[in-house]
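Trainee: Could you take me through the aromatic ring pairs in this one? I'd like a close look at how they sit and what they link.

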Amino acid sequence: MIIGSHVSMSAPDYLLGSVKEALSYDANALMVYTGAPQNTIRKSVSLLKAEEAKKLMDINGIPLERMIVHAPYIINLANTVKPETYELATSFLRQEIDRVQEIGATYLVLHPGSFVSATLEEGIASIVKGLNEVVREEDKIIICLETMAGKGSEVGFEFTQLQAILSQMNYPEKFGVCLDTCHIHDAGYSLLEFDVVLKEFDEIIGLDRLYVIHLNDSKNIQGAKKDRHANLGSGEIGFEILYTIAHHPLLEDKIKILETPWIDDKPPYKEEIALLKK
């Protein structure tokens with residue numbers, strides 16, 4: 001099973017420290033932000049000890065593509081109400097793409113965005129426009145649009161919405177999907193019938209476009225559209241279902257990442273990974 005978690009990235013070891021943290025959880029994958037997700041302040045990649053991190057991954061038999069990078073939350077390509085927000089989103093996303101490639105990672109997970117007071121259709125059109133403006137033919141990454149919970153005016157809480165974006169990309173091979181179990185549960189999909197959900201995903205988007213799975217329980221009832229993660233087995237989805245998803249034969253090659261809450265100010269990932277490996 002390819003399983004890891006969100007890990008921190010901070011001085012003095014930066015990405016090297018991120019890999020060390022992942023290894024301390026007995027993980028064979030990890031997800032990082034290249035800086036704080038709420039702002040545009042970024043350290044130069046030359047300072048992030050990327051080469052040392054890659055060497056440590058190689059020593060431990062972890063392929064570099066299993067280092068997932070998550071784009072910052074402040075990128076909102078769907079905003080047509082404030083031009084300055086859209087302009088920040090395109091310029092900052094381009095910067096993040098360059099940083100991911102400089103690090104040598106493959107997958108960049110991106111929240112599609114929120115359409116604010118416009119319409120869903122206008123939001124989708126704006127996302128398509130922005131992604132086609134930003135992504136270049138020579139780029140060596142795959143942007144994974146994340147399934148969303150439907151909170152507020154989020155785009156991407158239905159598979160058809162993501163497909164509407166993916167179908168209009170100039171370079172479709174550079175795009176895929178990150179499926180978040182908490183988000184799709186909160187959006188209304190029944191994970192009790194996960195094979196049905198997976199079949200629907202395959203028919204609408206295609207399992208070949210699914211690269212990353214965020215494996216999270218949810219504090220909310222199905223369809224709540226709230227997006228509040230819970231620890232595995234402590235939420236409304238339940239451990240048995242999440243265990244089944246983690247071990248699903250059609251998802252063996254997908255990278256699973258835990259984003260569950262800390263417990264008593266401590267990360268739960270070593271214990272949760274051990275439970276999933278049993």
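Mentor: Sure, let's begin with what a pair is: rings of Phe, Tyr and Trp (its six-membered ring) pair if their centres lie within 6.5 Å. Keep in mind that this is a predicted model. Searching the whole structure turns up six aromatic pairs.

Take Y25 and Y269, one of those pairs. Their ring centres are 5.5 Å apart and the planes meet at 65°; over 60 degrees counts as edge-to-face, so that's what we call this pair. Now look at where the two residues come from. Y25 is in the loop between α1 (14–24) and β2 (29–32), while Y269 belongs to helix α9 (residues 269–277), so the pair ties together parts that are 244 residues apart in sequence. Buried means under 20% relative accessible area, so Y25 at 7% is buried. Y269 is buried as well, with a relative accessibility of 3%.

Next, go to Y33 and Y73. Here the ring centres are 5.8 Å apart and the planes are at 75°, so this pair is edge-to-face too. It links distant parts of the chain, 40 residues apart: Y33 sits in the loop between β2 and α2 (50–59), and Y73 in the loop between β3 (67–70) and α3 (83–103). Check how covered each one is: Y33 is buried, at 10% relative accessible area, whereas Y73 is partly exposed, at 42%.

Finally, find F159, Y189 and F201: ring pairs join these residues into a cluster.

Terms used:
Residues are numbered from 1 along each chain as its sequence is written. This is a predicted model: local features need pLDDT of at least 70, side-chain atom pairs count only at pLDDT 80 or more; totals for chains, interfaces and linings use all residues. Side-chain values use heavy atoms; hydrogens and water are left out. Rings of Phe, Tyr and Trp (its six-membered ring) pair if their centres lie within 6.5 Å; planes under 30 degrees apart count as stacked, over 60 as edge-to-face and the rest as tilted. Helices (H or I, at least four residues) and strands (E, at least two) are DSSP runs, numbered from the N terminus. Buried means under 20% relative accessible area, exposed over 50%, partly exposed in between (1.4 Å probe, protein chains only).
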